Amino acid sequence: FFLRELGAGDRDRVESQLAAPALHALFHARFLNRGIHPSMVALKTNLPDEQATLALGAAVGRALEPGLVLYLSGALGAGTTTLARGLLRELGHQGAVKSPTYTLVEVYEVSRLHLHHFDFYRFQDPREWIDAGFRDSFNGRTVSLVEWPEKAAGQLPPADLQIDLGLLTTGRSAELTSRTLAGQECLARIEGRPNTSS
């Protein structure tokens, strides 16, 4: 379902090497020397319909751990709210899932997680994030799902996992990129592969 992208022409060779845990050090040495940090690994896929977007959201939901920061980016109509709905349904939320465009944040206590779903579309200046008093929400325990993170650029804590949705002629595209070790571990859980980061 997902295509793991590590670098042009290297995917098959690297994946076979990752199958052997003893070669983990080789992976780090080889890719760090080439400027590809192991925490910046991406999954790419096409989402032909709403069900596929919900399924991706569910896969992300299953992989979440407390404290993760996820950036969710995409043009209007790219499916960010649909993905968030799939994620929250997977965690057991039964009610409606709406984009917090006007409230700025919706708070959920689902499964074992406290999740804050932010939407900064209406911000005119990144400093509005400070004025809104959201700093305490990014506390290492709460999962923060942030739509339109670029509207608070320079103020937000960095993402562990970046999710980018794009519009295609039919359907949508999705790219998930890890930005930290925690994001890399989350990405491994989404793929359903053994974690090779430790």
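This is a short walk through one protein structure, from its overall layout to a few of its residues.

Let me say at the outset that what you see above is a predicted model, and that the values I quote are computed from it. The protein has six helices and eight strands, and when these are read along the sequence they follow the pattern β-α-α-β-α-β-α-β-β-α-β-β-β-α. Of the 198 residues in the protein, 48% are buried. If we take the contacts with a separation of 6 or more, 64% of them come from residues 24 or more positions apart. As for the outside, the protein exposes about 9700 Å², and carbon and sulfur atoms supply 52% of that area.

I would like to begin inside, with the nonpolar cores. In soluble globular proteins, nonpolar side chains tend to be buried together. Here the largest nonpolar core has 33 residues, and those with the most contacts inside it are V60, L64, L70, I163, L176 and I190. Which element gives the most to this core? That is helix 3, which contributes five residues. Apart from this core lies another one, of 13 residues, with Y71, F118, F120 and V146 among them. To return to one residue of the largest core, I163 touches V60, L70, Y71, L72, S73, L83, E175 and L176, if we leave out residues up to four places away in sequence.

Now to helix 4, which spans residues 80-90 and has eight of its eleven residues buried, so this helix is largely enclosed by the rest of the structure. The buried residues are T80, T82, L83, A84, R85, G86, L87 and L88, and what they pack against is a list of six elements, namely helix 3, strand 3, strand 4, strand 5, strand 6 and strand 7. After the helix comes G92, whose phi is positive, near 105°.

Since helix 3 has come up twice, let us look at two of its residues, E50 and T53. Are they buried or exposed, or something in between? E50 has a relative accessibility of 43% and therefore counts as partly exposed, whereas T53, at 2%, counts as buried. Leaving out residues up to four places away in sequence, E50 touches T82 and R85, while T53 touches L47, G79, T82 and L83. T82, which appears in both of those lists, is one of the buried residues of helix 4. There is also a long step in sequence to point out, because E50 and R172 are 122 residues apart along the chain and yet 9.1 Å apart in space, C-alpha to C-alpha.Next come strand 4 and strand 5, which run antiparallel and are joined by six bridges. In a regular strand the side chains alternate between the two faces of the sheet. Strand 4 has a covered face, made up of E106, Y108 and V110, and an uncovered one, made up of V105, V107 and E109. V105 stands opposite F118 in strand 5. The two strands form a hairpin with two residues between them, and S111, in the turn, has a positive phi of about 50°, a positive value in a residue other than glycine. With a relative accessibility of 57%, S111 counts as exposed.

A second residue other than glycine with a positive phi is W148, where the value is near 55°. W148 is placed in the loop between strand 6 and strand 7, and with a relative accessible area of 17%, under the 20% cut-off, W148 is buried.

My last topic is the aromatic rings, where the count comes to seven aromatic pairs. One of them is F118 with F120, a tilted pair at 5.5 Å centre to centre, with 35° between the planes. Both F118 and F120 are buried, and ring pairs link F118, F120, F123, W129, F134 and F138 into a cluster. Finally, K151 lies over the face of Y121, at 5.5 Å from the ring centre.

Note on methods: Residues numbered from 1 in each chain as written. Predicted model: local features only at pLDDT ≥ 70, side-chain atom pairs only at ≥ 80, totals over all residues. Heavy atoms only, no water. Buried < 20%, exposed > 50% of the residue type's maximum accessible area, 1.4 Å probe, protein only. Helix = DSSP H or I, 4+ residues; strand = E, 2+ residues; numbered from the N terminus. Contact = heavy atoms within 4.5 Å. Core = buried A, V, L, I, M, F, W, Y, C linked by side-chain atoms within 4.5 Å. Areas by Shrake-Rupley, 256 points an atom, 1.4 Å probe, with all protein chains shown as cover. Pairing = 2+ DSSP bridges. Phe/Tyr/Trp six-rings, centres within 6.5 Å; stacked < 30°, edge-to-face > 60°. Lys NZ or Arg CZ within 6 Å of the ring centre and 35° of its normal.
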